[in-house]
Amino acid sequence: MRESKTIRIQWWRTAAVLLLCGACSLLPASNRAHASTKRLCLPVEALSATGQADYLSAVEKEVVLHLNMARTDPGKYARKYISPRRHYFAGKVYHDPRSPHFEHGYWTREGQRAVRECVKVMKNAKPAKALRPSESISIAAQAHARYQSRTGKVGHRGPNGSKPGTRLRQFGRWRITGENISYGFNTASEIVACLLVDDGVRNRGHRSIILDPQFSIVGVAIEPHPVYKYVCVINFVGG
């Protein structure tokens, strides 16, 4: 289901992990510092070098860094982080012995095929500018992550069926909004790699959002999830 050209909805599910991108809702409550849209931007280079953006956890900062590595040099990121995944399949079961997440691996829908396709696309993808982490957009992401942490729900709909575009536009008049959600992982490399591979998602909507040059600002929140152990909400805005 697709709401509009600027809001994408897509579902992908395996026995162990669920990834989603598209639309969900606004929850205004957060224990993060109250942020205004005037406190939006911190270049990722500064974040990496100075440890600023203290509203993000260490892993959340790493998610921003991996997103920006993928955007600014897609081919290099594919060679370093995506292509090696081909070696850890037994049929359609993915099991990287270096990963602490799933002792016996987890089922995928496409196996190596999705990995190979991702590498091919990213090698030919045009670089995009780095995303700037935002406190206010991270508050929006955390609100939805905490809602799902409390309820065990998944997807982009919040209380009363609200959507992410509604939530994000309370923090600014954005021309374009997007959302990716990863379940099951709490390491940045696995969160971002799985979203880029986008196994089982016909239109590769998660990957498209990450690489879309129209997005310029990002917010990230990771919370525990009662079913999938972890939920990571990534909100994107631009314009």
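Q: Which residues does Met122 touch, not counting residues up to four places away in sequence?
A: This is a predicted model, in which local features need pLDDT of at least 70, side-chain atom pairs count only at pLDDT 80 or more, and totals for chains, interfaces and linings use all residues. Residues are numbered from 1 along each chain as its sequence is written, and side-chain values use heavy atoms, without hydrogens and water. With contact taken as heavy atoms within 4.5 Å, Met122 touches Ala70, Pro74, Gly75, Tyr77, Ala78, Ile82, Leu196 and Leu211.

Q: Which element gives the most residues to the largest nonpolar core?
A: A nonpolar core is a set of buried Ala, Val, Leu, Ile, Met, Phe, Trp, Tyr and Cys residues joined through side-chain atoms within 4.5 Å. The largest has 40 residues, and Met122, Ile234 and Phe236 are among those that touch the most other members. Elements that each supply at least two residues include helix H4 (112-124), helix H7 (188-197) and S9, where helices (H or I, at least four residues) and strands (E, at least two) are DSSP runs numbered from the N terminus. With 8 residues, the largest contribution comes from H7.

Q: Why is strand S9 largely enclosed by the rest of the structure?
A: Buried means under 20% relative accessible area, exposed over 50%, and partly exposed in between (1.4 Å probe, protein chains only). S9 spans residues 229-238, and it is largely enclosed because the number of its 10 residues that are buried is 8.

Q: Which residue in S9 is the bridge partner of Gly178?
A: Two strands pair if DSSP finds at least two bridges between them. Strand S7 (residues 176-183) pairs with S9 in the antiparallel sense over 8 bridges. In S9, Gly178 has as its bridge partner Phe236.
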